Amino acid sequence: MNTQLQNYLDLQNKIDRIEKLTNASWDTKYMLEKFVPTVWNDGFDVQDIIDYITVKLHEVITKLENEKEIITTQTK
């Protein structure tokens, strides 16, 4: 199978699985629709937004790990 196609299918399967487990689709779209226009209009670009969200994600993961809500050593 085409590597690009397989990568797309793998990513889509992950997205589908996350959305079945949570309300992430709605929550994420809501957050981004509120957040992106403000930072975009201030001159930030897509990579800036990705970097910001990545940092905040790592902060939450660290917090949840410290609170014993998640165990990161058992994840991919």
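User: What counts as a salt bridge here, and how many does a search of the whole structure find?
Analyst: A salt bridge is a side-chain nitrogen of Lys or Arg within 4 Å of a carboxyl oxygen of Asp or Glu. The model searched is a predicted one. A search of the whole structure gives a count of two.

User: Which helices and strands does the protein chain have, and in what pattern?
Analyst: The protein chain has three helices. Its strand count is zero. Read along the sequence, the pattern is α-α-α.

User: What is the radius of gyration of the protein chain, set against a compact globule of 76 residues?
Analyst: A compact globule of 76 residues would come out near 11 Å. The C-alpha atoms here fill a box of roughly 40 × 40 × 20 Å along the principal axes. The radius of gyration of the protein chain is 16 Å.

User: How much of the protein chain counts as buried?
Analyst: The protein chain exposes about 7000 Å². Carbon and sulfur atoms supply 58% of that area. Buried means under 20% relative accessible area. Of the 76 residues, the share that counts as buried is 5%.

User: Which side chain meets Glu59 in a salt bridge?
Analyst: Side chains of opposite charge can pair when their charged atoms come close. The N to O distance in this salt bridge is 3.2 Å. The two residues are three apart in helix α3, so about one helical turn separates them. The partner of Glu59 is Lys56.

User: Are Glu59 and Lys56 buried, partly exposed or exposed?
Analyst: Buried means under 20% relative accessible area, and exposed means over 50%. Glu59 has 43%. Lys56 has 34%. Both values fall in between, so Glu59 and Lys56 are each partly exposed.

User: Which side chain meets Glu67 in a salt bridge, and what is the N to O distance?
Analyst: Glu67 is partly exposed at 42% relative accessibility. Its partner also counts as partly exposed, at 46%. The side chain that meets Glu67 is that of Lys63, and the N to O distance is 3.2 Å.

User: What is the volume of the largest pocket, and which elements give two or more residues to its lining?
Analyst: The largest pocket has a volume of about 980 Å³. Two or more lining residues come from each of these elements: α1 (3–21), α2 (24–41) and α3 (46–66).

User: How many residues line the largest pocket, and which lie nearest its centre?
Analyst: The lining of the largest pocket has 24 residues. By class, 13 are nonpolar, five polar and six charged. Nearest the centre lie Lys14, Ile18, Thr22, Ala24 and Leu57.

User: What is the phi of Lys68?
Analyst: Most residues other than glycine have a negative phi. Lys68 is not a glycine, yet its phi is positive. Lys68 is found in the segment after α3. The phi of Lys68 is about 65 degrees.

User: Is Lys68 buried or exposed?
Analyst: The cut-off for exposed is over 50% relative accessible area. Lys68 has 72% relative accessibility, so Lys68 counts as exposed.

User: How far apart are the C-alpha atoms of Glu19 and Thr62?
Analyst: Glu19 lies in helix α1. Glu19 is partly exposed, with a relative accessible area of 36%. Along the chain, Glu19 and Thr62 are 43 residues apart. Their C-alpha atoms are separated by 22 Å.

User: Where is Tyr30 found, and what separates its C-alpha atom from that of Asp45?
Analyst: Tyr30 is found in helix α2. Its relative accessible area is 43%, so Tyr30 is partly exposed. Tyr30 and Asp45 are 15 residues apart along the chain. The separation of their C-alpha atoms is 19 Å.

Technical notes: Residues numbered from 1 in each chain as written. Predicted model: local features only at pLDDT ≥ 70, side-chain atom pairs only at ≥ 80, totals over all residues. Heavy atoms only, no water. 1 Å grid on protein atoms, 1.4 Å probe; cavity = no way out; pocket = protein on both sides within 12 Å on 5 of 7 lines; lining within 4 Å. Points joined across faces, edges and corners; volume = space filled by probe spheres on them. Helix = DSSP H or I, 4+ residues; strand = E, 2+ residues; numbered from the N terminus. Nonpolar A, V, L, I, M, F, W, Y, C, P; charged D, E, K, R; others polar. Rg over C-alpha atoms; globule rule 2.2 N^0.38 Å. Buried < 20%, exposed > 50% of the residue type's maximum accessible area, 1.4 Å probe, protein only. Areas by Shrake-Rupley, 256 points an atom, 1.4 Å probe, with all protein chains shown as cover.
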